[in-house]
Amino acid sequence: MRKTFLIAVGCMAFAVAVWASNDPWKDKPYQQWDSKDLQRIFQDSPWAHTVQVDAPWRGSGGGDDSSIPSGGGGGGAGRSMGGTSAGGGGNMGDVAGGGGGSMATFLVRWISSRTFREAMIRDRVLRGQMTDADAQAELAKPIDGFQIVVTGPDMTTFQKMDENALKTAGTLTLKRSKTRLTSTEARIQKTSDGSRIAGILFVFPSKAENGEVSIPTDEKNADFSCSAGKFTLKWSFDVSKMTDGQGRDL
């Protein structure tokens with residue numbers, strides 16, 4: 001799981017969204033995806049959203065985030081505060097407890113999905129970092145729960161939190177059933193020099209205590225939230241749109 005997380009954190013780049021008439025995750029196998037298809041999945045898909053929020057920790061003169069340094073793949077295309085995103089799927093792109101500061105940009109991605117894992121693996125194949133045979137073997141590995149990653153150029157608000165504190169800070173609330181899932185694990189990825197947080201992985205249970213799936217098939221929205229003190233980052237994933245050629249894809 002940590003390897004997948006590292007790849008996901010590396011796939012950071014905020015850019016103008018690539019609009020296409022068809023969805024590559026539905027129209028062709030991942031082995032045929034090109035760089036434009038990957039860019040669309042990474043930055044303009046139901047699994048990837050950019051949220052731009054007030055950054056009270058910066059004060060009034062901190063400036064705005066305009067980009068995230070490019071890593072090994074796609075990123076997210078943001079629009080504005082208030083929850084609009086090129087990826088669509090929600091109206092909760094806001095911040096609780098903010099106000100008066102400059103803006104910070106975060107990329108929230110559901111990386112446990114089949115589509116996103118295939119995109120990350122395909123990206124490595126196109127870069128010559130993995131063979132097709134290795135890609136198939138990697139994709140065959142089981143995934144631990146539903147995984148959501150938060151990345152951004154300024155993760156200062158989370159800097160003083162350890163993984164135990166972050167584990168209780170992440171939640172997924174299902175709109176239809178009102179069920180609230182708390183993350184069972186949180187993992188921190190640091191920058192290359194180890195001085196700052198580059199990304200945070202939240203893992204949520206895929207099974208309920210009774211053995212049933214934790215997100216029922218009739219659920220349409222899952223509201224993600226993570227908090228750091230008075231700051232709360234939120235986004236509503238449109239689960240009904242998170243499908244590929246094989247069906248539901250979480």
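## Exercises on a predicted model

To start, H4 is followed by Gly 128, whose phi is positive, near 75 degrees. Keep in mind that we're working with a predicted model.

**Exercise 1.** Check the length of helix H4 (residues 114–126) against what its 13 residues should span.

*Solution.* Start with the expected value: at 1.5 Å a residue, the helix should span 18 Å. Now take the C-alpha atoms at its two ends, which sit 18 Å apart. The two figures agree.

**Exercise 2.** Work out how many of the 13 residues of H4 are buried, and name some of them.

*Solution.* Buried means under 20% relative accessible area. Eleven of the 13 residues pass that test, so H4 is mostly covered. Among them are Phe 116, Met 120, Ile 121 and Val 125, but charged types such as Arg 117, Glu 118 and Asp 123 are on the list too.

**Exercise 3.** Place Thr 131: which elements does it lie between, and what does its side chain contact?

*Solution.* First, location: Thr 131 is in the loop that links H4 to helix H5 (132–139). Next, exposure: its relative accessibility is 43%, so Thr 131 counts as partly exposed. Then look back into H4: Ile 121 is ten residues away in sequence, and the C-alpha to C-alpha distance is 9.6 Å. Finally, the contact: a polar atom of the Thr 131 side chain lies 3.1 Å from the backbone nitrogen of Asp 134.

**Exercise 4.** Lay out the five-strand sheet: what is the strand order, and which strands are at the edges?

*Solution.* The order is E1-E5-E6-E10-E9, in an open sheet with antiparallel pairing. The edges are E1 (48–55) and E9 (185–190), each of which pairs on one side only. From one strand to the next, the twist averages 20 degrees. Zoom in on E5 (residues 102–110) and E6 (residues 146–151): four bridges join this antiparallel pair. Val 108 stands opposite Val 150 in E6.

**Exercise 5.** Of the nine salt bridges, take Asp 123 with Arg 127 and Arg 187 with Glu 185; how far apart are the N and O atoms, and which residues share a network?

*Solution.* For Asp 123 and Arg 127, the closest N and O atoms are 3.0 Å apart. Asp 123 is buried at 8% relative accessible area, whereas Arg 127 is partly exposed at 45%. For Arg 187 and Glu 185, the N to O distance is 2.6 Å. As for the network, salt bridges with shared partners join Asp 23, Arg 40 and Asp 44. Within that trio, Asp 44 and Arg 40 have their closest N and O atoms 3.4 Å apart. Asp 44 is buried at 4%, and Arg 40 is buried at 9%.

Terms used
Residues numbered from 1 in each chain as written. Predicted model: local features only at pLDDT ≥ 70, side-chain atom pairs only at ≥ 80, totals over all residues. Heavy atoms only, no water. Expected span 1.5 Å × (residues − 1). Buried < 20%, exposed > 50% of the residue type's maximum accessible area, 1.4 Å probe, protein only. Polar contact = N/O pair within 3.5 Å; in protein donor to acceptor, adjacent residues only side chain to side chain. Pairing = 2+ DSSP bridges. Axes fitted to C-alpha atoms, helices over the stretch in contact; angles between N-to-C directions. Salt bridge = Lys/Arg side-chain N within 4 Å of Asp/Glu carboxyl O.
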